[in-house]
Amino acid sequence: MKLNSDYVLRTFAGKYIAVSVNDSADNNNVFITMNKSSAFVWELLQKEISYEEVISKIIEKYNIDETTAKVDLDEFLDKLRKAGVLYE
Amino acid sequence: MNSPRDIVNNMGYYSATVHGYSMYPLLFDHRDSVYIEKSDEYRKYDVALFERADGQLVLHRIIKIKDSVLYFCGDNDFVIEKVEKQQVIGKMTEFSRKGKEYKTSDFFYKLYSRVWCFSPFTRRVLKRVYNLFVGLRR
């Protein structure tokens, strides 16, 4: 999976916000707000990467168990799918 | 989808990439983005997002305030637009330029705002000088 490259991640007011730089988003006001760990995943998804690879990198970085990592990742991926920015 | 006004009212903020060149040289089309916050108070030199009668969204700078009327002008424009306070959605408190984030409370941003928008005449001169050295290079 990989992210739509028309988005750039910015830090505004302590929040991580991805804004679209593509014309297709001109009319739908898409911006995605995320927390620090989601922003870490966002950066990983800049390049083609598998679900399992993302999970192992999250576990490595945040030292959490696999179940928690999966719950958090699934929730974030769902948000990205809804925004239509994830290629799978 | 929700309109930017709804988003600002619900979440307190809004963020988007800039479209157009009316705020050049501060903000560049499809490159720079802004962070807009809900606000009750607007001041001269604030950059704010407002909605025209036809629904078009505009991000320009306040150059004068008189009662409930705000006078807007783009940094790259010379046309002054009269806007009622209820048309205003929120003010820019942070922005990113060439991939780097800035706050509107930053010293150099404030200095730029004051100098660039001091008067239409000085702006014409500054614009000439700026274009001579930097031009529309990205």
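How many residue pairs are in polar contact across the interface of chain A and chain B? The rule finds six, with both residues at pLDDT 80 or more. The model is predicted.

**The interface**

Zero salt bridges are counted between chain A and chain B. The two chains bury about 1600 Å² between them. Carbon and sulfur atoms carry 56% of that area. Chain A brings 17 residues to the contact, and chain B brings 21 residues.

**The side of chain A**

Three elements of chain A each give two or more residues to the side that touches chain B: β2 (7-12), β3 (15-20) and β4 (31-34). The largest share comes from β3(A), with four residues. By residue class, the side of chain A that touches chain B divides as follows.

| Class, side of chain A touching chain B | Residues |
|---|---|
| Nonpolar | seven residues |
| Polar | six residues |
| Charged | four residues |

**A residue on chain B: B:S15**

B:S15 lies in strand β1 of chain B, which covers residues 13-17. Is B:S15 buried or exposed? B:S15 has a relative accessible area of 1%. The cut-off for buried is under 20%, so B:S15 counts as buried.

What does B:S15 contact, leaving aside its neighbours within four places in sequence? On chain A, the partners are A:F12, A:I17, A:V19 and A:F31. On chain B, they are B:V34 and B:Y35. With B:V34 there is also a polar link: the side chain of B:S15 reaches the backbone oxygen of B:V34 at 3.0 Å.

Key:
Residues are numbered from 1 along each chain as its sequence is written. Chains are lettered from A and ligands numbered from 1 in the order in which they are written. This is a predicted model: local features need pLDDT of at least 70, side-chain atom pairs count only at pLDDT 80 or more; totals for chains, interfaces and linings use all residues. Side-chain values use heavy atoms; hydrogens and water are left out. Contact means heavy atoms within 4.5 Å. Buried area is the accessible area (1.4 Å probe) that two parts lose on being put together, summed over both. A salt bridge is a side-chain nitrogen of Lys or Arg within 4 Å of a carboxyl oxygen of Asp or Glu. A polar contact is a pair of N or O atoms within 3.5 Å; within protein, one must be able to donate a hydrogen and the other to accept it, and residues adjacent in sequence count only if both atoms are side-chain atoms. Ala, Val, Leu, Ile, Met, Phe, Trp, Tyr, Cys and Pro count as nonpolar, Asp, Glu, Lys and Arg as charged, and the others, Gly among them, as polar. Buried means under 20% relative accessible area, exposed over 50%, partly exposed in between (1.4 Å probe, protein chains only).
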